[in-house]
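Here is a short report on helix packing, nonpolar cores and cysteines. Read it alongside the model.

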Amino acid sequence: MRPQRGNNRFFGLLAAAACLAALLSGCGGDNVYPMTTLSQKSDLASEVLWLFKEVTILDSIVLVVVVVAWLGAIFFFSTRPGDSEAPSHKHADLYLEVGWTLIPALILLAITVPTVRAIIHTQPYDWSPDTLRVQVVAHQWWWEFHIPSLGVTTADELHIPANRQIHFELLSEDVIHSFFMPALGGKRDVVPGQANQLTLVATVPGYYYGQCAEFCGASHANMRFRVIVDTPSDFDAWVAHQNSPPVKPTGGDAAAGAKIFADAPCAICHTIKGVSGFSKQYTYGFRGPDLTHFGSRTTLAGSILDNTPDNVALWIKNPDAVKPGANMPELGLRGKDLNDLVAYLESLK
Ligand code: CUA
């Protein structure tokens, strides 16, 4: 049966709409689409974007060849009503058979070689002495970051220096998660009982969004994080600040809040260095984020809320409403107690 003219027009419009949507999705700056993978800010992201472009170009060539052959078959090589001759037959053509076996094989090779090279490149066996090792521990539903060589532990917001190789060691406390920083690269599964690796060099200082990219339970979508790429001097300053003791409030609401923190169950799960928590460097098995410098972070609760006093109060009042299924219990704090605790936490710059 010959295709209908109306059908052709419909599929043509559909293809044009799909192309336009694909083109438009690449528009807009980092500010409009902070989760775009088309704005690469690391060597890994550049490599992945290059692969994406290469595959897209090859696929587009295949698409054009197939569509041209298809249209040619419809308009030039089909039999019209009233034609006297029967359509020509071709049962076997060695060159054609070899050609359409060889060409896809070459296309696959052209995709496979750079893909495998990128995979090997991002999981090297040898690390340069300058490499900074960062341990990433995924929890339902927040991210814990350790930089063992610098004694830094933080949550949901990680600072890394620009133009230095970073070796992420990916660990999970519970289920399978996936570490994904669209502008910087990823995504790599974080699997319990296995340390996966990821390495990259961030090239542009900035504030980048991250997100768990593997369904991991009720609040999977609320398991976000931020990566702040600093200049080397800014990074050193951040490390020095992270290693400084927490602020000790001397009076006012914050001092009253410090007492509430110690008396309420907060201190059972949350470390504030010198105030609560294990003295050992790592807090594996500890259920809540380290809050030593909580006030200096820009977000909270898996980076789903901006770090403002109102949002901290909202979170403490009813964690389950913000992050369904969260381990953080409702403490029943209200009024002045809540206000004081928020003041204390926000004072932990
Ligand atoms: Cu963790 Cu999805």
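In helix 5, Ala254, Gly257, Ile260 and Phe261 are buried (under 20% relative accessible area, with a 1.4 Å probe and protein chains only). These residues cover an arc of only 110° around the axis (taken from the directions from the helix axis to the C-beta atoms), so they sit on the same side of helix 5. Gly252, Lys259 and Asp263 are exposed (over 50%) on the other side. The buried residues pack against helix 6 (266-269) and helix 9 (335-347), with contact meaning heavy atoms within 4.5 Å.

This is a predicted model: local features need pLDDT of at least 70, side-chain atom pairs count only at pLDDT 80 or more, and totals for chains, interfaces and linings use all residues. Residues are numbered from 1 along each chain as its sequence is written, and side-chain values use heavy atoms, without hydrogens and water.

The largest nonpolar core (buried Ala, Val, Leu, Ile, Met, Phe, Trp, Tyr and Cys residues joined through side-chain atoms within 4.5 Å) has 34 residues. Trp143, Phe168, Phe179 and Met181 touch the most other members. Strand 1 (residues 132-139; strands are DSSP E runs of at least two residues, numbered from the N terminus) gives the most to this core, with 4 residues. Another core, of 24 residues, lies apart from it; Phe261, Ile272, Leu300 and Trp315 are among its members.

Two cysteines are buried:

| Residue | Relative accessible area |
|---|---|
| Cys212 | 1% |
| Cys216 | 4% |

The disulfide count is 0 (a disulfide is a pair of cysteine sulfur atoms within 2.5 Å).
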